[in-house]
Amino acid sequence: MDCFHYPLDTETLLRKKRRLRRELLAQNPHALHKKIAILGGSTTNEVADQLGLFLLQYGIEAEFYQSEYGQYWQDAMFGSPELDAFHPDIIYIHTTWRNLTDLPTTADSAADIDAMLDAQYTHFETMWQALAQKFGCPVIQNNFDRPNYRLMGNRDIWDIHGRSNFISRLNQRFYAYAASHENFYINDIDYLSADYGLTAWGDAFFWHMYKYALCLDAIPSLANSVANIVKSIYGRNKKALVLDLDNTLWGGVVGDDGVDGLAIGPEVPEGQVYAEFQSYCKALKSIGVILAVDSKNEEANALAGLNHPDGVLRPDDFVCIKANWEPKDRNLLAMASELSLGADSFVFADDNPAERAIVAAQVPGAAVPAMDGAENYIKTLDHGGYFEVTALSKEDLKKTELYHQNAERAKAQAAFADYGEYLDSLQMTATIQGFSPLYIQRIAQLTNKSNQFNLTTLRCSEEDIRTMAEDADHLCLCGKLVDKFGDNGIVTVVAGQQQGSALHMRLWLMSCRVLKRGMEDAMMDTLMRHAAARGIEKVVGYYYPTVKNAMVREFYAQFGFAKTQESEQGTTWELNVADYVPRNPHMKIEEA
């Protein structure tokens with residue numbers, strides 16, 4: 001739906017929200033259900049309505065609890081029967097500068113202002129700690145926007161008596177807390193209000209008439225920002241940016257104008273625009289976004305353009321380059337298959353509206369923003385929030401390298417007639433261990449990202465993983481795979497809960513980039529060995545179907561498990577530990 005892409009169609013979002021909700025529910029029959037508590041310092045009804053729409057767009061159906069007007073602190077500190085019974089999955093604290101109980105004046109001394117700052121910060125920190133202790137779920141906290149007036153003019157931002165200065169200092173305290181606490185996220189309304197226009201954002205009419213802390217038309221932008229954090233936490237980010245070339249990465253048509261005729265680089269204003277866009281794409285790569293090319297071009301021309309001396313991106317920056325005369329939607333689907341990614345993992349960026357329309361119609365789930373005007377390309381992608389970062393692992397930082405290594409593995413496979421010989425040639429070593437603190441972040445990230453090879457699709461926070469690791473009744477393992485082409489990092493996670501003499505598998509997932517490499521055999525061998533050592537007699541496995549995980553429907557059958565129960569909700573499998581026959585995983589297995 002175009003109304004959710006930048007620039008947001010706020011009129012449609014606000015006036016037709018019920019119809020949009022019905023349509024989104026129909027499009028997402030298997031939406032992920034999450035409970036979100038909104039603790040507000042102002043009226044939050046429209047915030048909840050809009051946040052619900054944006055989350056549905058990402059396949060997350062939200063159920064909301066809203067505090068009474070202005071009761072955010074009381075609910076957090078003293079609770080309420082309704083909030084306690086709600087058991088939120090995420091808490092969003094919607095406060096603004098209007099909720100600051102004290103602001104400095106020119107009569108206050110520096111010491112008084114520092115004490116005032118400490119008191120305001122402690123008010124919030126005490127609340128965050130209480131929520132963490134009681135609910136143990138992610139907390140999203142607004143930083144502070146600024147009043148749309150400055151008592152001292154420009155001096156207000158640097159003078160210690162200035163309100164702008166005070167709010168800026170308080171925000172910095174919030175950021176320091178976020179940097180040192182997992183499961184705590186800042187929703188940057190300081191930026192949102194500036195981007196929207198501070199005068200319009202803080203229109204006092206909406207405060208005095210309705211107790212909304214921002215103007216009604218800005219609420220969709222606020223909701224979009226919060227939704228981006230939530231969908232990132234639950235692994236609903238896009239993973240790849242697929243780029244057209246002509247008039248997208250450079251000005252001109254390389255096949256007609258030649259490399260020398262392309263507009264890119266410092267010589268002309270148009271070229272500077274495209275060079276800046278390429279720099280932005282390269283920066284996305286540095287935070288784990290994979291880049292690919294889908295262009296109607298001769299491959300030689302495409303590569304020549306990507307090697308332009310004034311260009312920023314080079315062929316090696318892309319995990320896949322499809323420069324041919326095939327329809328772009330077919331190229332994109334082929335790319336998804338080759339990279340073992342869902343088509344809904346892609347953002348397709350193309351200046352041609354006809355090409356965008358075809359991809360939007362033929363590749364459901366792919367994001368297709370309107371790339372109109374090269375000077376708007378960065379803002380369009382940035383405001384789309386497709387690649388919101390809530391956690392950044394070592395694997396994310398080397399994502400492009402990992403995909404290039406997979407390409408080398410694919411080339412090596414083509415040289416072998418026997419697949420077993422190919423696996424042996426990879427010289428693989430699996431390191432399998434418990435949930436160590438070093439890998440908690442990556443394990444939680446995998447539970448929220450992996451969809452195809454995921455038997456129970458249990459989504460976990462870092463705190464959930466830490467709780468499992470510390471529980472004596474849980475048997476938890478994660479696996480790292482290294483081969484002659486490189487280190488794949490942590491690629492698989494299993495967790496079972498012991499109940500009597502049976503081990504019930506709550507979690508079993510694996511990254512699709514190591515499919516059919518024998519890692520599942522190595523994990524099952526190790527799991528059964530640990531189960532036997534604990535005196536477990538039977539392992540019970542579960543498969544819960546989703547729209548994406550059909551590939552593991554019969555996973556347990558291949559290991560000799562017997563199907564004991566089947567329904568639309570899922571399948572249960574059982575195997576006596578004594579009856580398990582170890583596999584040949586074609587790799588060396590080490591236990592850390």
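Contact here means that heavy atoms lie within 4.5 Å of each other. By that criterion, isoleucine 140 in this predicted model touches Ile90, Ile91, Tyr92, Ile93, Tyr185, Asn187, Val226, Ile229 and Val230, leaving aside residues up to four places away in sequence. The points below set this residue among the strands, cores and helices around it.

**Parallel strands**

- Strand β1 (residues 32-40) and strand β2 (residues 60-66) run parallel and are joined by seven bridges.
- One of these pairings links lysine 34 to alanine 62, its bridge partner in β2.
- Between β1 and β2 the chain passes through helix α3 (residues 45-57), and this β-α-β crossover is right-handed.
- β1 also pairs with β3 in the parallel sense, over five bridges.
- Isoleucine 36 has isoleucine 90 as its bridge partner in β3.
- Seven of the nine residues of β1 are buried, and the strand is therefore mostly covered, given that buried means under 20% relative accessible area.

**Nonpolar cores**

- The largest nonpolar core comprises 40 residues, and those with the most contacts inside it are Leu55, Ile140, Leu222 and Val230.
- At least two residues of this core come from each of α2 (17-27), β1, α3, β2, β3 (90-94), α8 (189-196) and α11 (219-233).
- Helix α11 gives the most to this core, with eight residues.
- A second core, separate from this one, has 39 residues, including Met505, Met510, Ala522 and Met524.

**Helix α6**

- Helix α6 (residues 110-135) has 26 residues, and at 1.5 Å a residue it should span 38 Å. Its end C-alpha atoms are 37 Å apart, which agrees with that expectation.
- The buried residues of α6 are Ile113, Met116, Leu117, Gln120, Tyr121, Phe124, Met127, Trp128, Leu131 and Phe135.
- An α-helix has 3.6 residues a turn, so residues three or four places apart point the same way.
- Glycine 136 follows α6 and has a positive phi, near 60°.

**Helix α7**

- Helix α7 (residues 163-180) has 18 residues, which at 1.5 Å a residue should span 26 Å. The end C-alpha atoms of α7 are 26 Å apart, in agreement with the expected value.
- Ser164, Asn165, Phe166, Ile167, Leu170, Asn171, Phe174 and Tyr177 are buried in α7.
- The elements that cover these buried residues include α6, β4 (139-142), β5 and α8.

**Aspartate 188**

- Aspartate 188 is placed in the loop between β5 (184-187) and α8.
- Its relative accessibility is 33%, and aspartate 188 therefore counts as partly exposed.
- The side chain of aspartate 188 makes a polar contact of 2.7 Å with the side chain of asparagine 143.
- Aspartate 188 and leucine 222 are 34 residues apart along the chain, yet their C-alpha atoms are separated by 9.1 Å.

**Serine 225**

- Serine 225 lies in helix α11, the helix that gives the most to the largest nonpolar core.
- Because its relative accessibility is 15%, serine 225 counts as buried.
- A polar contact of 2.5 Å joins the side chain of serine 225 to that of asparagine 187.
- Serine 225 touches Asn187 and Leu192, again leaving aside residues up to four places away in sequence.
- Asn187 is also among the residues that isoleucine 140 touches.

Key: Residues numbered from 1 in each chain as written. Predicted model: local features only at pLDDT ≥ 70, side-chain atom pairs only at ≥ 80, totals over all residues. Heavy atoms only, no water. Pairing = 2+ DSSP bridges. Helix = DSSP H or I, 4+ residues; strand = E, 2+ residues; numbered from the N terminus. Right-handed = clockwise from strand over helix to strand, strands pointing away. Core = buried A, V, L, I, M, F, W, Y, C linked by side-chain atoms within 4.5 Å. Buried < 20%, exposed > 50% of the residue type's maximum accessible area, 1.4 Å probe, protein only. Expected span 1.5 Å × (residues − 1). Polar contact = N/O pair within 3.5 Å; in protein donor to acceptor, adjacent residues only side chain to side chain.
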